[in-house]
Amino acid sequence: MHETPEELSELQALLEASLSRATSHLRSIVAENTLTAGQLTQILTGMCTLALSTVTAKGEPRISGVDGHFLHGKWHFGTAHSAAKARHLAARPAASVAHMRGEDLGVFTHGTVEILNPRDGESAPDWPDLRAYLKEFYGDDLFDWDNDVLYYRLHPHWMTVYAPDIAKLTPASQS
């Protein structure tokens with residue numbers, strides 16, 4: 001867990017506000033089967049495979065997979081500079097991601113991406129810390145972290161969680 005108490009509070013407020021704005025159908029499914037911000041950040045550790053949704057210039061939806069890391073209450077993910085999703089996000093930074101673990105967990109997020117390490121521009125102030133985390137996770141010699149990949153942070157404006165049985169998601173229950 002990398003979140004500060006303030007970040008946990010902001011995430012909890014987002015989860016509650018998102019659920020209150022959801023359709024009655026979604027609320028009927030999720031309301032009694034959700035997690036708190038604290039529970040969510042304890043479960044979303046390490047790399048989580050995300051389905052990333054972007055939009056083409058013609059307004060056509062595209063979906064692809066990315067390695068996601070949930071840090072400080074936000075999703076972080078990367079891709080190659082030459083990837084179609086990089087072009088889509090540069091032109092249209094709105095994106096959605098979904099992380100699902102079978103029928104046990106669904107985390108659905110809509111927001112706007114921020115490029116953390118642009119090729120021609122100033123990196124985000126926390127990019128060195130994130131790069132250090134990623135190097136520790138993946139290994140230092142995987143590629144040139146500053147030039148070979150673009151990393152993004154998804155600033156969520158809507159997020160909901162479906163988790164009908166938290167016991168199935170906690171490390172103690174998986175041993």
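This tour moves from the whole chain to selected strands and residues, naming at each stop what to select.

The structure is a predicted model, in which local features need pLDDT of at least 70 and side-chain atom pairs count only at pLDDT 80 or more, whereas totals for chains, interfaces and linings use all residues. Residues are numbered from 1 along each chain as its sequence is written, and side-chain values use heavy atoms, with hydrogens and water left out.

**The whole chain**

Select the protein chain and display it as a cartoon. Five helices and six strands are present; helices (H or I, at least four residues) and strands (E, at least two) are DSSP runs, numbered from the N terminus. From that end, the elements follow the order α-α-α-β-β-β-α-β-β-α-β.

Along the principal axes, the C-alpha atoms fill a box of roughly 45 × 40 × 30 Å. The radius of gyration of the protein chain is 16 Å, which agrees with the value near 16 Å for a compact globule of 175 residues. That radius is taken over C-alpha atoms, and the globule rule is 2.2 Å times the number of residues to the power 0.38.

Now switch to a surface. The protein chain exposes about 9300 Å², of which carbon and sulfur atoms supply 53%; accessible areas come from the Shrake-Rupley method with a 1.4 Å probe, and for residues only the protein chains shown count as cover. Buried residues make up 40% of the 175 residues. Buried means under 20% relative accessible area, exposed means over 50%, and partly exposed lies in between (1.4 Å probe, protein chains only).

**Strands 2 and 3**

Select residues 61-71, which form strand 2, and pair them with strand 3: the two run antiparallel and are joined by four bridges. Two strands pair if DSSP finds at least two bridges between them. At the end of this pairing, L71 stands opposite K74 in strand 3.

Next, select H72, in the loop between strand 2 and strand 3. The hairpin of these strands has two residues between them. H72 has a positive phi of about 60° although it is not a glycine. Most residues other than glycine have a negative phi. With a relative accessibility of 36%, H72 is partly exposed.

Continue to residues 74-80, which make up strand 3. Five of its seven residues are buried, so strand 3 is largely enclosed by the rest of the structure.

**Strand 6**

Add residues 149-162, the range of strand 6. Strand 6 pairs with strand 3 in the antiparallel sense over six bridges. To see one such pair, select F77 and its bridge partner in strand 6, Y152.

Within strand 6, select L150. L150 is buried, at a relative accessible area of 9%. Apart from residues up to four places away in sequence, L150 touches F77, G78, T79, H81, A86, I115, N117 and P118; contact means heavy atoms within 4.5 Å. A distance may also be drawn from L150 to A83: their C-alpha atoms are separated by 9.7 Å, although the two are 67 residues apart along the chain.

The last residue to select is T160, also in strand 6. T160 is buried, with a relative accessible area of 3%. Its contacts, leaving aside neighbours within four places in sequence, are L19, L26, V30, G106, V107 and F108.

To finish, return to the whole protein chain. Among its contacts with a separation of 6 or more, 68% are between residues 24 or more positions apart.
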